[in-house]
Amino acid sequence: MSHLAHNVEMIRQNIADAANAAGRNAQEITLLAATKTRDAQTVRAVIAAGITTVGENRVQEMTEKLAQNAYLGASLHFIGQLQTNKVKQVASRVELIHSVDTLRLAAEIEKVVGRLWEQDKTTAAQDVLVEVNIGGEYSKGGVEPPELPAFLEQLAGFAHLRVRGLMCIPPPARTPDEARRYFAAMKSLFDRNTRLLDASGAPILSMGMSDDYEQAVREGATLVRVGTALFGPRIYT
Ligand SMILES: *Cc1c(COP(=O)(O)O)cnc(C)c1O
């Protein structure tokens, strides 16, 4: 077995254990491979090892790997911060954008997808998640929790956006319990606002990364985003 296949199996087992411990069904949890800095060949290898969903952070890097057909056989998500001037390169090329956190960004996606729809009638709406600043960190992306209901109501007015759920990147935690408190706060926010989410599929709660995905699953994540634990440390050049 390749080391990637081994890691995929190990992480899936950890997810299943955490789900069982919480009385949840592991089937309802998606393992997304966070592939930033990994080359096209590595992305293909992780898909061959059984990964069905991959997430990219940087538009330029994603565009290069798209040109190399790196994502064939998987669903592609955009998980990084998205600038409004790059929406054209992302909207309708990915199945889900995880990081909508301003009205300006939402309006730009609406505009770009609306135009595409007029042109070719292929993609009527872009699926998105709303990113929440669950740790209330200063100068970090994400909607502040008290502002979430009003924000979701504003987004419901956009015909070409489908808000499928919520996403967060909590502050670095010193202990597993600290991480769990953020995830529990997110789950409670998610449950209180489910009626404001698009009902075209099961609502998505995207939280948990290499260091804390088991805690996130225990608290109700339906999608975990894992990079390092799958591929090893990232080398930035
Ligand atoms: C890089 C990244 C991840 C994965 O991080 P690891 O700690 O390597 O698992 C998850 N989510 C987002 C938004 C990321 O940028």
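## A tour of the ligand and three salt bridges

Start at the ligand: by class, the shell of residues around the ligand is made up of 5 nonpolar, 4 polar and 3 charged residues. Keep in mind as you click around that this is a predicted model.

**Stop 1: the shell.** Select A34, K36, N57, I79, I169 and M209, then add S210, R225, V226, G227, T228 and R234; together these residues surround the ligand. Where does the ligand sit? Look for the largest pocket, since that is the place where you'll find the ligand.

**Stop 2: polar atoms by the ligand.** Now pick out R225, and show its side chain. An N or O atom there is 2.8 Å from a nitrogen atom of the ligand. Next, click on G227. Here the side chain isn't what you want: a polar backbone atom of G227 is 2.8 Å from an oxygen atom of the ligand. Then move on to T228, where you're back to a side chain, with an N or O atom 2.5 Å from an oxygen atom of the ligand. How much of the ligand's accessible area does the protein cover? On its own the ligand has 380 Å² of accessible area, and the protein covers 90% of that.

**Stop 3: R24 and E28.** Time to leave the ligand and go looking for charged pairs. Side chains of opposite charge can pair when their charged atoms come close. How many salt bridges does the structure hold? There are 11 salt bridges in the structure, and we'll visit some of them. Select R24 and E28 to see one, with the closest N and O atoms 2.9 Å apart. Is R24 buried or exposed? R24 is buried, because its relative accessible area is 15%, under the 20% cut-off. E28 has a relative accessible area of 42%, so this residue counts as partly exposed.

**Stop 4: R174 and E178.** Select these two residues for another salt bridge, where the closest N and O atoms are 3.7 Å apart. Try a surface view here. R174 has 74% relative accessibility, so R174 counts as exposed; the cut-off is over 50%. Its partner E178 counts as buried, because its relative accessibility is 14%.

**Stop 5: E219 and R180.** For the last stop, select E219 and R180. These two form a salt bridge as well, and their closest N and O atoms are 2.8 Å apart.

Conventions: Residues numbered from 1 in each chain as written. Predicted model: local features only at pLDDT ≥ 70, side-chain atom pairs only at ≥ 80, totals over all residues. Heavy atoms only, no water. Near = heavy atom within 4 Å. Polar contact = N/O pair within 3.5 Å; in protein donor to acceptor, adjacent residues only side chain to side chain. Areas by Shrake-Rupley, 256 points an atom, 1.4 Å probe, with all protein chains shown as cover. 1 Å grid on protein atoms, 1.4 Å probe; cavity = no way out; pocket = protein on both sides within 12 Å on 5 of 7 lines; lining within 4 Å. Sits in = over half its atoms within 2 Å of the grid points. Nonpolar A, V, L, I, M, F, W, Y, C, P; charged D, E, K, R; others polar. Salt bridge = Lys/Arg side-chain N within 4 Å of Asp/Glu carboxyl O. Buried < 20%, exposed > 50% of the residue type's maximum accessible area, 1.4 Å probe, protein only.
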